[in-house]
Amino acid sequence: MSSSDDKDLGFSTRAVHAGQSPDPATGAIMTPVYLTSTYVQEAPEKHKGFDYARTVHPTREALQKNLASLEGAAFGLCFASGMAATSTVIEALSSGDHVVCGNDLYGGTYRVFTKVFARFGVTFTFVDTTDLHAVEAAFTPQTKLVWIETPSNPLLKITDIRAIAKLAHAKKAKLVVDNTFASPALQRPLSLGADVVVHSTTKYLGGHSDVVGGAILVNDEALHKEYKFLQNAVGAVPGPLDCFLLLRGTKTLALRIERHCQNAMIVAKHLLSHPEIATVHYPGLPTHSGHETAKGQMSGFGGMISFELKGDMERAKRMISSCEIFALAESLGGVESLIGHPASMTHGSIPREERLKAGLTDGLIRLSVGIEDAADLTADLDRAINRSLTGK
Ligand SMILES: *Cc1c(COP(=O)(O)O)cnc(C)c1O
């Protein structure tokens, strides 16, 4: 099934089928993992559309079409990691260009912006993108991009995609949305006015914590050409087996996300009513500052929660080490539940003052709620909270 003729089909159907058709040689229903670096040509420049595997690869093509269909994009490009996809978008800029970014971006995004691309003369301003005035004030005549994450990491702040897109376009800048936390099952930024969507496919799209990958999705053909040129020129392409694993992952995306959302809502409400919990950040809670905006641009609230336990940082560390089902690990979006401490783990590369300014406190705990039985998850958290009290 090609991505152009599937517009009338539902999301789950496209997740299973888009970009994939039975192998013409054998009828194999699953897309073959073409372990090849080159293709035989009939005559110089006379070939079946495939010349070299960095440039074009059939398993990757299938994945690119599948992801484009899910984001409602005309074009998709896949990369070796989320960071490779992110870097490609910045590689399209030139020295002197400026980017307005959210101030609680993924730690690795902050790192590559400030420690790599800043050396090449691209400048970045980090602001609270939930504050439209702050975003507007950050523009300079050199601003080419606005870069947001919503829900953000790890505070689950919600940025109004439509409003930021309008603002960016009025200033002749493009809006990039890192849609990793929501996944296209819950939020499709291109339909809300964004120009570029980037993903770490390592997370919900893969869904099983067994592959690292990234993607860029766009509707604009000129932008697509530019990023495709960079995909080939810079060469951060994914391997064929990784593409296969991601194609397998997206088939169950809709089902998995439904369960992630259900479980996260149960866990968030449970934590909110727990006497040992100080604050809970989950956009599905009416108490969350971005709840109304989230309702206007997402079809569900996702599987990520962050919260603060009462007491000091040592207690938070004891708690996260005491879980039995929630595994203490970086990353998110897999079927299994994970627990982490952003200040020392995922966001360790952000200076402490910067972190505190963004509200990312030392005691903050982040959950990636998996698809296990919700009762087992809440019982595991209760047990760990009790153990953190007694120190046992
Ligand atoms: C993980 C992540 C990235 C980076 O992706 P990798 O696949 O680890 O390179 C970027 N953005 C967000 C929001 C992420 O969670």
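**Seven-stranded sheet**

I looked up the strand order in this predicted model and found an open, mixed sheet of seven strands, ordered 1-7-6-5-4-2-3. Strands here are DSSP runs of E with at least two residues, helices are runs of H or I with at least four, and both are numbered from the N terminus. I took two strands as paired if DSSP finds at least two bridges between them. Strand 1 (75-79) and strand 3 (123-127) are the edges, each pairing on one side only. From one strand to the next, the twist averages 20°; axes are lines fitted to C-alpha atoms, for helices over the stretch in contact, and angles run from 0 to 180 degrees between N-to-C directions.

I then checked strand 2 (residues 98-102), which runs parallel to strand 3 and is joined to it by five bridges. Val100 has Thr125 in strand 3 as its bridge partner.

Next I listed helices in contact (heavy atoms within 4.5 Å). Helix 4 (residues 107-116) lies across strands 2, 3 and 4 (strand 4 is 143-149), at about 145° to strand 3. Helix 6 (residues 161-170) lies across strand 4 and strand 5 (174-178), at about 150° to strand 5.

**Five-stranded sheet**

I found an open sheet of five strands in the order 8-9-12-11-10, also with mixed pairing. Its edges are strand 8 (277-281) and strand 10 (327-328), each paired on one side only. Strand 9 (residues 304-309) and strand 12 (residues 364-368) run antiparallel and share five bridges. Phe307 has Ile365 in strand 12 as its bridge partner.

Helix 9 (residues 253-272) lies across strands 8, 9 and 12, at about 15° to strand 9. Helix 11 (residues 313-321) lies across strands 9, 10, 11 (338-340) and 12, at about 135° to strand 9.

**Ligand site**

I counted 14 residues around the ligand, of which Met83, Asp178, Ser200, Thr202 and Lys203 come nearest; a residue is near if one of its heavy atoms lies within 4 Å. By class, I get five nonpolar, six polar and three charged residues in the shell, with Gly counted as polar.

For polar contacts (N or O pairs within 3.5 Å), I noted a ligand oxygen 2.7 Å from a side-chain N or O atom of Lys203. A ligand oxygen is 2.8 Å from such an atom of Ser200, and one is 2.9 Å from a polar backbone atom of Gly82. Taken alone the ligand exposes 380 Å², of which the protein buries 92% (Shrake-Rupley, 1.4 Å probe).

**Conventions**

I number residues from 1 along each chain as its sequence is written, and side-chain values use heavy atoms, without hydrogens or water. Local features need pLDDT of at least 70 and side-chain atom pairs 80 or more, whereas totals for chains, interfaces and linings use all residues.

Conventions
Polar contact = N/O pair within 3.5 Å; in protein donor to acceptor, adjacent residues only side chain to side chain.
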